[in-house]
Amino acid sequence: MKFTVLGSGAGLPSKDRNTQSFVIDCVLEYNEYILIDAGEALQHRILHTHIKPSKIKNIFITHLHGDHIFGLPGFLSSRAFQGGEGIPLKLYGPKGLAEWIETTFRISESTLNYPLEIIEVEPDMNIRLNNFDVRVIPLSHGIDSYAYIFKEDDKIGELQTDKLRELGIRPGPVYGEIKAGETFTHEGKVYQTSDFIGETIEGRKISVHGDTRLNSSTVYLDAIRDSDLLVHEATFLNNEKEKAHDYFHSEINHVLDVFKDVNYKQLLIVHISSRYTDEDIKQVSASIEGRAVIACDYFELPIPRNVK
Ligand SMILES: [Zn+2]
Ligand SMILES: [Zn+2]
């Protein structure tokens, strides 16, 4: 599984940074991509990757500011001609999303050749995808804005075939039968399958935020605790913590300070303002090395599995 950044910019696009869009690439595991936000020109960004629009089956919109949704109508329309015909798509986002999409499609006389279901989310809602539980966490951005916390299902441990061989059970379909049951019998003796299964493989946790003032409440920090990947904005990179707060955004050093005790594995900083130069970004990156990474467009971050 990996996290791909298609747009790392804030507000206005620049030559190097598109406005916000991300993909959780779980094609290897589950044969699908999960798209989060749809900044303008999203579909152009996708053309430069191996991402197949037809394999995007769930889209999560963090909030309805233009820099997070203006790429959506174009993407939805083009998906129909890029192998998406007949393949259902679910679109999750704040209240107002359905009206905006329906109005845009009605006035532009656009139609889709696949089922599109729009689900407007509520604070603290839980959404079940095929292989993930998704928690919806409300943020503070002046309009409804959410973080989505994706928790992959735990996976049963591997069958310890060496132990079975020691008992004299040779490899074959019987191994599958043993793994599927609670007990198995060999030479008249009953064994507990759990004694032959390795440690549970814990599902990964990926917490992706919309634009927000930094939240330091215990309830919120507990929700994102132990994330394999935390994705958070830092529209301000220059210690202007108060200004960030006034504009309903976050400042990078404040983010690092608040997150230092939540035990994350990787922290990716996104929503980078076009007012910062490459030199500014280089300097800030050096100062946070080892604690967080500042995203750029097309950045790919592997999210390895946890083995307890
Ligand atoms: Zn934004
Ligand atoms: Zn915003």
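**A walk from Phe-248 to the zinc pair**

Start by selecting Phe-248, which is partly exposed, with a relative accessible area of 28%. This is a predicted model, so treat what you click on as computed. Phe-248 sits in the loop between helix H9 (241-246) and helix H10 (252-259). Check its backbone: phi is near 60°, a positive value in a residue other than glycine.

Next, jump to Glu-109, in the loop between helix H5 (97-107) and strand E6 (116-120). Here too phi is positive, about 50°, and again the residue is not a glycine. Glu-109 is exposed, with a relative accessible area of 72%.

Now for the metals. Select the zinc ion (ligand 1) and show what surrounds it: Asp-67 through OD, His-68 through NE2, Asp-211 through OD and His-271 through NE2, at 2.1 to 2.2 Å. Along the chain, these donors are spaced as D-H-x142-D-x59-H. Pick out His-68 and Asp-211: His-68 is in helix H3 (residues 66-69), while Asp-211 is in the loop between strand E12 (205-209) and helix H8 (218-224). The two are 143 residues apart, so this pair links distant parts of the chain. Both residues are buried.

Turn on angle labels at the zinc ion (ligand 1). What angles do the four donor atoms subtend? They run from 90 to 167°, which makes the arrangement irregular. Four donors would count as tetrahedral if all angles lay between 85 and 135 degrees.

Last stop: add the zinc ion (ligand 2), 3.5 Å from the zinc ion (ligand 1). Keep Asp-211 in view, as this residue coordinates both.

Key. Residues numbered from 1 in each chain as written. Chains lettered and ligands numbered in written order. Predicted model: local features only at pLDDT ≥ 70, side-chain atom pairs only at ≥ 80, totals over all residues. Heavy atoms only, no water. Donors = N, O, S within 2.8 Å, 3.2 Å for Na, K, Ca; no water. Tetrahedral: all angles 85-135°; square planar, octahedral: opposite > 155°, others 65-115°. Helix = DSSP H or I, 4+ residues; strand = E, 2+ residues; numbered from the N terminus. Buried < 20%, exposed > 50% of the residue type's maximum accessible area, 1.4 Å probe, protein only.
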